[in-house]
Amino acid sequence: MGVELPQSDASLLQAARQGDAAAYGRLYERHVAAARAMARQLVRRSEAEDVVTEAFTKILDLVGRGGGPESGFRTYLLTVVRRTVHDRSKLAGSQAREVEEYDPAVPFVDPALAGLERSLIARAYLSLPERWRAVLWHTQVEKCKPAAVAPLLGLSANGVAALAYRAREGLRRAYLQMHLGAAPPHDCRPVLGKMGAYVRGGLARREARAVERHVDACEECHGVILELTDVNRGLRVLVGPLIAGPMFGRYAAALARPEPGDGAKRLPPVLRRLWRTPRRQPVVLVAGVAVTVAAAASLWQGADGGPDGTPATATVAARPSEPVRAVRVPPQADPERVPPQEKPGEAPPRGGEPERVPPPRVQQTPEGTARLRATVDVLGALVRSHPGIVGLRLRNHGERPSEDLTAHVTLPPGVTLMPPARRGSPAVVGPADGWECRPSLGGARCTREPLAAGRATAVFLRVAVAQRAPRGTGPAARIDAGPLRVRARGGEGVRATGAPARFAADGKVTVKAVGNALLSCDEESPGCAQARHRDGDRRDNDLWPMVAVDQDDALTTLASSGARVSLPKGGRIVWAGLYWSAGGSSTGPIKFRPPGRRKYASIRPSHVAVRELPQGPVYHAFADVTGLAASARRTGVWWAADAPLEQGASRHAGWSLVLVVADPAQPYSQAVVLDAATVVGGSARRVRLPLGGLRPAGTPARAALVAWEGDADLKGDKVSLGTGALRPSGGDRDAANVFDGSSAGVAEMTFGVDVDTVSAELGADPGLTIATGKDAVLFGVAAISVRARS
């Protein structure tokens, strides 16, 4: 006896194109809960239903015109929901465009995630057939059971599992094709060609060992094979935010826990009425939902703010800077007839589909053993006469915990372990993760309890670099865990120039930075109000006699300003660094007040650098304020006041708070804060700062940058992480004028103070390049976070 399968989304869409209103109603019932879950992350709950109705209405009109999705309805719907939120914030008071221009075929990329669409996993995913993308989205990204996905694809549960298996294999092949198309080193090409068969267990023993030997010695290929082995995680970490935006984690949680009363409903009356409306006539629905069907705003227009008036981070469209090219996947058997097994011992799916391909074999580490992989790196750069950081990272790839760990770290000549800041505290930077370190001959000796299977750990050593330390030799490490011994060596040692690391951490971490100016134009002067709002042609501190601003509510301050910090839900501050700068060569304390405190604390600098700019000397000061910041409220305005400053034309004064934040929604990542204090301009128009110690996965890095004395109307300032000039997320958002007097945390002009965020994928030799045209700036800080390799 045969089993009648439900109509798939593809067949319902085809029926809807032929005028079947009931078919579109079925699509509504299937996907309205997901649309609500997405909308409620972006707008107030009272607005969410309007957004959902508008999104379904837009798709209905497109389907009626012969457009819209073919089979992947869910991802198409989520993109339309996000763009609808954007449109609702931009359409007020403007004339709408024709619906034919509205087609969300390209992912709607948030500026905070800019570059995500260029990651190899994302590009490989977007190159797949729509049906494969749909099954991967439902089963791997949204984590739905095959039985729940079966009606959407018109298959049995077993058929869904088989199709998902085939789609994962297609994704692996596409991913490898992307790597091969990027001209890898000659020695890597034959190994890359065998990696797909290797992860399936399809290589002969001799070939498998050859691949393993190459991967152990090649960091790039090691990263590739980890990505291939765990494509499911790559999909959730990269493709999830690409389609659903920065709120993907909260969307997925909301989808998994539907609220009472959120069950599927029949097609709303407003959509049933629209079905009877002629397709080619503009339809405006005003009562209650205010839906504009035959009109949409320009999809590539930037958003100034969110629907509640706050600065927008999830509602700005950005055209991908690189087109996604289709990767030709060799044709194979019918996807529904391929067994989905990936693990030994896993029962094959049942449901009548014949098995035509034997299940793949997966090579495993012998039971009962640990398998350690270690790396030792300089974070940023080791620069003579400056402190720095050397990091040791360790991961257990085996299936059993290791024995107790002992690490012997050999430091480069002229580099020594710095004593702890306080007696009794560990001689490490940041959370010690159970490590205890002490100086030893030529370096340090660190011990830790056993490392569990599948877990990673890191320890970061604060070191001092002698004035005459020789260049060249990098650090090395030997890790003993019972009979198991692992060695590692870093590639770079002491450098003549670069940016030493101030702080580093691994884990579910990200970086943030905010700031503000303490000098501005006199608000009584004609044109000042316009300049403060980033308008007009007098946005440089060279064109005004700069005077102190005093924006707080304290009678005891003479110059003060604030910046708003929002921490993620469940987030906490791991490290906080306060930086301030002004014209002049003498500095002193600054007053600092976190949200929730009534009184300022006086903060003295622990480090000051003085540099020469065309207008004279300027200072760059730093203090660690982690203890003060850790007890602050999760969200609020931070205030700084009364830093030493000089008023007058061509003067600047300001501050920045740089944070490393633990965020439960982040993947396992690496974060590092680099102190540059480097002049860019004049004879040094281009400066490259190496980003040593970062071993990223194929995903964009986030970089928070702090610079002083940038002029908004002097263009030519560019920043790159190795993939071309980057567009900052704030200010004028001009890739050719990054340092334009804009700072995260405030909306108005911050003369001579820049706190910007950029994002891009890092290369094999990561580096941050800053270039200027006519301007001269003091580049102060770079805080980088990036997802770590598995």
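Here are some short exercises on the predicted model above, each with a worked solution.

Before you start, note that residues are numbered from 1 along each chain as its sequence is written, and that side-chain values use heavy atoms, with hydrogens and water left out. Because the model is predicted, local features need pLDDT of at least 70 and side-chain atom pairs count only at pLDDT 80 or more, while totals for chains, interfaces and linings use all residues.

**Exercise 1: The whole chain**

Find how many helices and strands the chain has, and what share of its residues is buried.

Step 1. The chain holds 16 helices and 33 strands. Both are DSSP runs numbered from the N terminus: helices are H or I with at least four residues, strands are E with at least two.

Step 2. Of the 790 residues, 56% count as buried. Buried means under 20% relative accessible area, exposed means over 50%, and partly exposed lies in between (1.4 Å probe, protein chains only).

Step 3. Now look at contacts, meaning heavy atoms within 4.5 Å. Among those between residues at least 6 apart in sequence, 78% join residues at least 24 apart.

**Exercise 2: One side of a helix**

Work out which residues of helix H13 are buried, and where they lie around its axis.

Step 1. H13 covers residues 248–256, and Phe248, Tyr251 and Ala252 are buried there.

Step 2. These residues span an arc of only 95 degrees around the axis, so they are on the same side of H13. The arc is taken from the directions that run from the helix axis to the C-beta atoms.

**Exercise 3: The disulfides**

Locate the disulfides of the structure and describe each of them.

Step 1. A disulfide is a pair of cysteine sulfur atoms within 2.5 Å. Searching the whole structure gives two.

Step 2. Cys437 is joined to Cys446, with 2.1 Å from S to S. This link of Cys437 and Cys446 is right-handed, with 115 degrees about the S-S bond. Cys437 is buried at a relative accessible area of 12%, and Cys446 is buried at 0%.

Step 3. Cys521 and Cys528 form a disulfide too, with their sulfur atoms 2.1 Å apart. The link of Cys521 and Cys528 is right-handed, with 85 degrees about the S-S bond, and both cysteines are buried.

Step 4. Counting bonded cysteines along the chain, the pattern is 1-2, 3-4.

**Exercise 4: Aromatic pairs**

Take the pairs Phe503 with Trp575 and Phe592 with Trp655, and decide for each one whether it is stacked or edge-to-face.

Step 1. Rings of Phe, Tyr and Trp (its six-membered ring) pair if their centres lie within 6.5 Å; planes under 30 degrees apart count as stacked, over 60 as edge-to-face and the rest as tilted. The structure holds 11 aromatic pairs.

Step 2. The centres of Phe503 and Trp575 are 5.3 Å apart and their planes are at 15 degrees, so this pair is stacked. Phe503 is in strand E14 (residues 501–507) and Trp575 in strand E19 (residues 572–583), so the pair ties together parts 72 residues apart in sequence. Both Phe503 and Trp575 are buried.

Step 3. Phe592 and Trp655 are edge-to-face, at 6.4 Å centre to centre and 70 degrees between the planes. Phe592 lies in strand E20 (residues 590–593) and Trp655 in strand E26 (residues 653–662), so this pair ties together parts 63 residues apart in sequence.
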